[in-house]
There are 2 protein chains.
Amino acid sequence: MQDRAARTRRDLIRSAAELIEQGGFAGASVGQICALAGVSRGALHFHFGNKQALGEAVESTAAEILLCVTGQVPERHPAPLQFLVDTSHTLAQRVVCDPVLRAGFTLAHDAAWHSDVSLWQHWRQWVRGLLDLARRQGSLARDVDLDGAVSAITALMAGLEGLERDPARDRIARSVTPFWRLVLPQLAAEAVRGRIEAAGSSAAMADEPPLERWRLDDGAAPHECAAMSDAELCCVPYREMSGSAS
Amino acid sequence: MQDRAARTRRDLIRSAAELIEQGGFAGASVGQICALAGVSRGALHFHFGNKQALGEAVESTAAEILLCVTGQVPERHPAPLQFLVDTSHTLAQRVVCDPVLRAGFTLAHDAAWHSDVSLWQHWRQWVRGLLDLARRQGSLARDVDLDGAVSAITALMAGLEGLERDPARDRIARSVTPFWRLVLPQLAAEAVRGRIEAAGSSAAMADEPPLERWRLDDGAAPHECAAMSDAELCCVPYREMSGSAS
């Protein structure tokens, strides 16, 4: 029974995500969401109360996925700039293959949607944390304007996500490497400059943190998602799935 | 009479733009648009037919403003990369101070909105044209991946526009210079590298093309917009203003 409730909540979040992505929050009707999820309107109201609360569940699930991709900013890291580059690749791949994450970003761009959750705010703060760490560890070029670099890196991801959403999704992933090729020579201190791989280090892209965290959730790592079926993509345990609404 | 019709069309476009920016296309109701413009529903229907057509008028007006900011890609230019940098600053400033342009970009991000006009497609093609020109003229570093650079520069502007829309608009303009500081050393050929001003060349920011074109329209140049009243911002002659709908 618990499993069935969890499945219903998950199906509703996923269906809402897919419809939000197509038509924005205002364009996703309760009737369409229920039809796509194969549940009754009563089930939506039982589990979420209303469409607004379901939208909030989509957004908070997307935020959890994002947090799972980035992890917290570490205290120390052997190669913080490489970690930043690798994580940006992971995020781009995850955006390509996860409709709930895409819906979260769609809501962030949706002028009709207002909430306190900001996926981009999280990404911005994480990037800032990593660049701070890089500076403390001497990996950042001395003359880098930290605020400017944070803005550029945040905006790049936001822009790629927004621009590439419709026509050819895999272009997102392909645009990340050229960006780092342009930016890294200025960003990295001379001592590490030649050692950062703009295309992502194969080690980190395979099983280093934060990807390892996905394993804990018994889900597939993002780099494998292209080969995954839709049903397997939601590998973050949804908070909403653990119980029913009051 | 012609003037009054033109003013009504302009007021409707501007009111629709402001409401689209706040609530997306789906969230902007005909009633709200008419109330804000101070006209009757009948006037909206007379001039545009319906809300969809009014939305299209907002978008095509925004596209005209964008074209006015960029101009066509020139055949030759004494400093194509500086021209690209300057135009990106102009665009950022214009986004900050023009609600119709912002609404055009809002529509481009709006999942509920579907049209053939793409402001970002125009910006992307313009950037590509400028980088092509820079390459032909020997201003571009030899090893630059043109597609990658076009994606990065397009995405940067899209991301800044999307991210900074709400909280503090003037941050858009402030983020452009740090981006160019990071990117120009890799992008520019050695011969011109030290001569490009990331903050924009004062000459171009004052009265070189494409800003000069604004003068033809009897409107203020974008760099002056911070000091302009709202009514003066719409300095592109709206195509929609030249006649009434059929």
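# Exercises on a predicted two-chain model

In this predicted model, the largest nonpolar core has 135 residues, and the members that touch the most others are A:L131, A:W180, A:L187, B:L131, B:W180 and B:L187. Helix 8 of chain B, residues 146–163, gives the most to this core, with ten residues.

**Exercise 1.** Find the contacts of A:L187, leaving out residues up to four places away in sequence.

*Solution.* Begin with partners in chain A: A:L187 touches A:L81, A:L131, A:S139, A:L140, A:A141, A:V144, A:A149, A:I153 and A:W180. Then look at the other chain: B:L182 is also touched by A:L187. Finally, compare with the core: A:L131 and A:W180, both among these partners, are also among the core residues that touch the most other members.

**Exercise 2.** State which kinds of secondary structure chain A contains, and how much of the chain is buried.

*Solution.* Count the elements: chain A has twelve helices and zero strands. Written from the N terminus, the order is α-α-α-α-α-α-α-α-α-α-α-α. Next take burial: of the 246 residues in chain A, 57% are buried. For the surface, chain A exposes about 10400 Å², with 48% of it supplied by carbon and sulfur atoms. Last, consider contacts with a separation of 6 or more: in chain A, residues 24 or more positions apart account for 72% of them.

**Exercise 3.** Compare the span of helix 5 of chain A with the span expected at 1.5 Å a residue.

*Solution.* Helix 5 covers residues 80–97 of chain A, which is 18 residues. From first C-alpha to last, helix 5 reaches 26 Å, close to the expected 26 Å. As for cover, 16 of the 18 residues of this helix are buried.

**Exercise 4.** Decide whether B:L84 is buried or exposed, and list its contacts beyond four places in sequence.

*Solution.* Locate the residue: B:L84 is in helix 5 of chain B, residues 80–97. Apply the cut-off: B:L84 has 0% relative accessibility, and because buried means under 20%, B:L84 counts as buried. List the partners: B:L84 is in contact with B:W126, B:V127, B:L130, B:L131, B:I153 and B:W180. Add a distance: B:L84 and B:G200 are 116 residues apart in sequence, while their C-alpha atoms are 9.2 Å apart in space.

**Exercise 5.** Classify A:S151 and A:D145 by their accessibility.

*Solution.* A:S151 lies in helix 8 of chain A, residues 146–163. At 8% relative accessibility, A:S151 is buried. Setting aside neighbours within four places in sequence, A:S151 is in contact with A:R124, B:L160 and B:S175. A:D145 is in the loop between helix 7 (119–136) and helix 8 of chain A. Its relative accessible area is 37%, so A:D145 is partly exposed. The C-alpha atoms of A:D145 and A:L187 are 9.2 Å apart, with their positions 42 residues apart in sequence.

**Exercise 6.** Describe the span that UniProt lists as "DNA-binding region" in chain A.

*Solution.* The unreviewed UniProt entry gives residues 29–48 of chain A. In the model, this span is 80% helix and 0% strand, and its end C-alpha atoms lie 15 Å apart.

**Exercise 7.** Find where the pLDDT of chain A is below 50.

*Solution.* Start with the whole chain: the mean pLDDT of chain A is 79, and 75% of its residues reach 70 or more. Over residues 166–170 the pLDDT is below 50, and this stretch has five contacts beyond near neighbours in sequence. Over residues 206–246 the pLDDT also stays under 50, and the model has 89 contacts beyond four places in sequence for them.

Conventions
Residues are numbered from 1 along each chain as its sequence is written. Chains are lettered from A and ligands numbered from 1 in the order in which they are written. This is a predicted model: local features need pLDDT of at least 70, side-chain atom pairs count only at pLDDT 80 or more; totals for chains, interfaces and linings use all residues. Side-chain values use heavy atoms; hydrogens and water are left out. pLDDT is the predictor's confidence in each residue, from 0 to 100. Contact means heavy atoms within 4.5 Å. A nonpolar core is a set of buried Ala, Val, Leu, Ile, Met, Phe, Trp, Tyr and Cys residues joined through side-chain atoms within 4.5 Å. Buried means under 20% relative accessible area, exposed over 50%, partly exposed in between (1.4 Å probe, protein chains only). Helices (H or I, at least four residues) and strands (E, at least two) are DSSP runs, numbered from the N terminus. Accessible areas come from the Shrake-Rupley method with a 1.4 Å probe; for residues, only the protein chains shown count as cover. UniProt positions are given in the numbering used here, feature names are shortened, and annotations may be inferred rather than shown by experiment. The expected span of a helix is 1.5 Å times one less than its number of residues.
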